[in-house]
Amino acid sequence: MSIKRLKETFKQLIAYKSAVVGLCILGFIMGLSIYAVITIPYEEAVKAWRLGEDVSINNPRNAAPSWINFFRQKKLPETMVMDTLKSGSNARKIIIPRETLSALRIEFSFEFNYDDFPSEINLFLTSKYNEAAPYITINWTKPNGATIRLKELVVKGTDRYYISIDNELAKKLRLYLSEKVGQEIPYEIPPHMSLFAVEDESILKPETAQVLKGKYRMVIEGILFGGESDVDARLVVYGKVFGLAGTDHLRRYLVIGLLWGAPIAVAFGVLASVSISFIQMIIAAVSAWYGKWADMLLQKATEFMMILPFLPILMMISIFYKISIWVLLIVVIALSIFGSGVKTYRAMFLQVKELPYIEAAQAYGASNFRIIFRYMIPKVLPTIIPSLVLSVSGFVFLEAALAILGLGDPVAPTWGKIINDAYDKGALYQGYYYWVLEPSLLLVLTSLGFALLGFALDKIFNPKLREM
Amino acid sequence: MYIKVFHHNNYGRVPEKMKRELLAFLKYSAKRAVTIMVVVALAVYATIIIANMGGYVDEIIKIETRNSIYQSVFQNPAYQSLSTEEKRQMAEDLYQQELKALGLDRPFIFRSVGYLTSALSMELGKAMYLTSDSGSKAVRNIIVERLPSTILLFTTVNLMLFFLSLIGGLFISRKYGSKLDKIVVTLSPLSAIPGWFYGIFLILIFASWLGWLPYGGLVDVPPPTNPFDYALSVLKHMILPVFSWLLAYSFIQVYTRRTFFLMFSSEDYVEMAKAKGLPPRLIERRYILRPTLPPIITEFALTLIGSWMGAIVTERVFNWPGIGTLFYQAASMMDSPVVIGEVTIYAYLLAITVFILDIVYAIVDPRIRAGVTGA
């Protein structure tokens with residue numbers, strides 16, 4: 001196709017509203033893909049996705065996207081990270097040095113004005129010491145002045161204190177609150193609730209429990225043995241919303257997966273559709289041109305592939321050999337090259353074969369190769385472009401379907417894999433709708449983009465339908 | 001005299017012609033039957049090779065049997081007096097016997113041919129890991145148990161789609177250019193999204209959010225004992241999967257049929273009939289539907305048979321206990337006999353359908369009857 005023809009096609013194309021919408025959508029997805037590839041290196045994306053908790057320990061689990069607070073009357077908490085190693089993060093550390101015993105005081109203070117409880121509280125500790133490990137006590141002060149001793153512990157090297165799952169603390173706090181209210185609290189109240197709750201009757205039911213708004217303080221006091229000793233601490237009060245897209249069950253920030261899903265989905269769909277169309281076209285052209293036994297062989301191969309169930313075979317290969325998405329792509333192509341498209345293209349080539357210019361080419365002594373690749377295929381090419389574009393969506397969804405069956409790429413994040421995770425972890429039962437809807441929306445957009453463009457191209461290249 | 005000769009010759013030629021036609025027909029049928037059978041055999045053989053990972057599954061079985069035999073010999077108190085060497089010898093003998101019993105002593109390539117002949121004679125054998133709900137290990141029982149739920153769901157869906165697209169397509173082709181027509185044309189790109197995907201959204205809306213319909217499965221748990229309630233419960237579980245497929249495929253199918261009918265309704269003979277002043281219904285029935293029905297019915301028959309293999313992803317999304325789910329379980333557990341059994345049944349069903357369609361068309365189509373098979 002010459003440049004002029006391309007320009008003309010484009011002009012015809014933008015006359016269709018649907019094609020313009022399709023092109024806009026595809027432009028958006030392309031932009032997303034390019035942005036992903038440029039800003040997050042592939043290795044980093046894979047690392048963030050595979051290592052999960054190790055990389056994203058400061059993220060909350062199953063947090064909805066932040067912007068949902070916009071639509072909510074009751075604001076959900078954001079995550080707060082306070083670190084003595086980072087200046088300006090509401091964390092103050094003072095050490096009063098002595099010869100043998102130094103005194104340590106770390107104070108975290110923060111305003112908590114949200115309408116819902118945090119989802120989790122963790123304290124990460126690191127210490128340096130020569131002889132004996134530092135000994136610390138952790139206290140919690142609520143806005144109403146109540147101070148609660150959380151724990152006393154010896155910090156050896158790197159330590160983590162998971163406040164939310166400290167059973168002893170939970171029991172202690174429940175007892176404390178029961179005394180305050182004058183009534184037994186009838187359910188197991190987790191520490192991240194009791195530490196933030198208003199201390200009255202509302203706490204007797206988890207649904208009515210209210211957040212005490214105001215300034216909270218965590219004070220860590222400790223004794224350091226020897227001059228070289230030191231303790232650093234990071235307090236994370238995990239929220240219920242996070243970033244643009246929220247997080248999943250492994251605290252992974254979904255934006256990374258959603259962004260990287262775009263280039264993978266587009267590449268998979270386009271590569272599959274283009275290579276399958278071209279290989280099918282070459283096979284069809286060869287069989288139409290040579291005829292006889294080549295033709296017969298092809299017909300039989302098509303019937304053979306029709307009986308072989310595509311998805312189960314693909315599943316078996318994928319399960320047995322644990323292949324990556326790109327090997328999977330090659331298998332998909334291999335299983336599809338004798339698809340029904342061959343028959344359609346063959347019928348077209350049988351007509352093209354009889355055209356006078358082919359006869360002329362033969363007369364001047366053109367080789368078979370030249371006739372097939374220079375004269376026959378270019379003639380049919382424009383008519384198959386619409387179906388090529390249309391079939392991209394099918395392959396984009398094929399990747400998602402395989403991921404839903406647990407056969408996605410073992411390392412790379414894809415939209416299908418996010419949906420599969422969400423499905424496996426019961427996102428629909430538990431109301432984590434964002435987890436399913438975000439990748440789904442992108443999948444729908446991508447496939448609709450290709451579909452709208454394909455339908456419009458079909459009307460341009462196959463004008464017989466245009467009149468209909 | 002002349003007339004008589006003519007008559008004579010004519011009468012003499014009719015049975016001759018019929019005989020020739022019958023012969024051509026039989027030859028055609030036999031040829032089709034043989035080629036279809038060869039294709040089926042090849043497809044089943046390819047499945048056997050893939051499902052056994054080219055023989056690798058045998059190695060797994062060998063290691064498993066070896067381990068279990070060694071364990072049973074070495075832990076059997078009756079053999080405690082034997083030395084380790086004697087025990088090993090004994091276990092090795094038992095293992096070799098077991099291999100022979102399982103037929104694993106011959107190379108895979110020979111046995112694969114054996115698998116092929118037994119598969120083709122519908123001896124589907126025993127599953128390696130899966131069992132039917134009634135506890136049977138026979139592949140045939142496992143498949144037969146799952147088949148009804150798949151047939152129920154997908155035959156319902158496909159019948160609905162078939163009639164909807166036929167009637168809808170005809171109706172809209174009559175109102176070509178109307179608002180309804182434009183709506184269908186505009187909505188047809190929605191079919192770029194597969195049925196199972198709509199399924200997820202429907203579950204989200206109707207099961208999770210509104211709580212009107214179940215998330216998935218075939219019946220309530222525990223299943224109602226009253227047959228009427230049972231049927232009602234199954235129906236309730238069918239609503240979402242059926243609706244998800246209708247949403248995905250009805251627009252494009254109506255659109256395809258409509259275009260198809262429109263193309264045929266501009267044929268010369270239809271114009272001729274219109275010019276003759278025949279009533280529109282008659283034109284539709286006799287001049288549009290009749291020539292277009294054969295390819296439509298072929299397509300429907302093949303789709304229907306294909307659907308009995310279950311839609312693996314749809315069944316997984318709706319947790320539907322059908323053949324597709326079985327395929328999924330069998331493939332993930334590497335239960336090759338079940339996979340091969342399913343593919344064999346599918347291949348046969350498809351082959352029989354294709355053959356019957358071929359024969360029916362051969363009877364209907366005069367070109368084939370006359371022995372012109374190149375069409």
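## A tour of chains A and B

Start where the chains meet: 35 residues of chain B are in contact with 34 residues of chain A. Keep in mind throughout that this is a predicted model.

**Stop 1: the chain B side of the interface.** Select these helices of chain B: α1 (2-51), α7 (195-209), α8 (227-265), α11 (312-317), α12 (323-332) and α13 (336-364). Each gives two or more residues to the side that touches chain A. Which element gives the largest share of that side? It is α1(B), with 8 residues. Now colour this side by residue class. You will find 30 nonpolar, 4 polar and 1 charged residues. For the complex, the predictor reports an ipTM of 0.81 and a pTM of 0.82.

**Stop 2: confidence in chain B.** Colour chain B by pLDDT. The mean is 82, and 93% of the residues reach 70 or more. Then select residues 1-10 of chain B, where the pLDDT is below 50. Beyond near neighbours in sequence, this stretch makes 0 contacts in the model. Where pLDDT is low, the coordinates should not be read in detail.

**Stop 3: all of chain B.** Switch to cartoon view. Chain B has 14 helices and 0 strands. Is it compact or spread out? Its radius of gyration is 29 Å, while the globule rule gives 21 Å for 375 residues, so chain B is more spread out than a compact globule. Turn it along its principal axes: the C-alpha trace spans about 105 × 75 × 40 Å. Of its 375 residues, 27% count as buried. Look at contacts with a separation of 6 or more: residues 24 or more positions apart account for 70% of them.

**Stop 4: all of chain A.** Hide chain B and show chain A. Here there are 16 helices and 9 strands. The C-alpha trace of chain A spans about 105 × 50 × 45 Å along its principal axes. Its radius of gyration is 32 Å, where a compact globule of 468 residues would have one near 23 Å. Of those 468 residues, 41% count as buried. Among contacts between residues at least 6 apart in sequence, 71% join residues at least 24 apart.

**Stop 5: helix α4 of chain A.** Select residues 167-181 of chain A. At 1.5 Å a residue, these 15 residues should span 21 Å. The end C-alpha atoms are 21 Å apart, which agrees. Next, show the side chains of Leu169(A), Leu173(A) and Leu177(A), the buried residues of α4(A). Why do they line one face of the helix? Seen down the axis of α4(A), the buried residues fall within an arc of 65 degrees, so they line one face. An α-helix has 3.6 residues a turn, so residues three or four places apart point the same way.

What do the buried residues of α4(A) pack against? Select β6 (147-154) and α5 (191-194) of chain A to see their partners. Rotate to the other side of α4(A): Asn167(A), Glu168(A), Leu175(A) and Glu179(A) are exposed there. Step just past the helix to Gly182(A), which takes a positive phi of about 85 degrees.

**Stop 6: Leu381(A).** Jump to helix α12 (residues 368-404) of chain A, which holds Leu381(A). Leu381(A) has 15 C-beta neighbours inside 10 Å, so it counts as partly exposed. To finish, draw a C-alpha to C-alpha distance from Leu381(A) to Thr79(A). The two are 55 Å apart in space and 302 residues apart in sequence.

Methods: Residues numbered from 1 in each chain as written. Chains lettered and ligands numbered in written order. Predicted model: local features only at pLDDT ≥ 70, side-chain atom pairs only at ≥ 80, totals over all residues. Contact = placed C-beta atoms within 7 Å. Helix = DSSP H or I, 4+ residues; strand = E, 2+ residues; numbered from the N terminus. Nonpolar A, V, L, I, M, F, W, Y, C, P; charged D, E, K, R; others polar. pLDDT = per-residue confidence, 0-100. Rg over C-alpha atoms; globule rule 2.2 N^0.38 Å. Buried ≥ 20, exposed ≤ 12 C-beta atoms within 10 Å, placed from the backbone. Expected span 1.5 Å × (residues − 1). Arc of directions from axis to C-beta.
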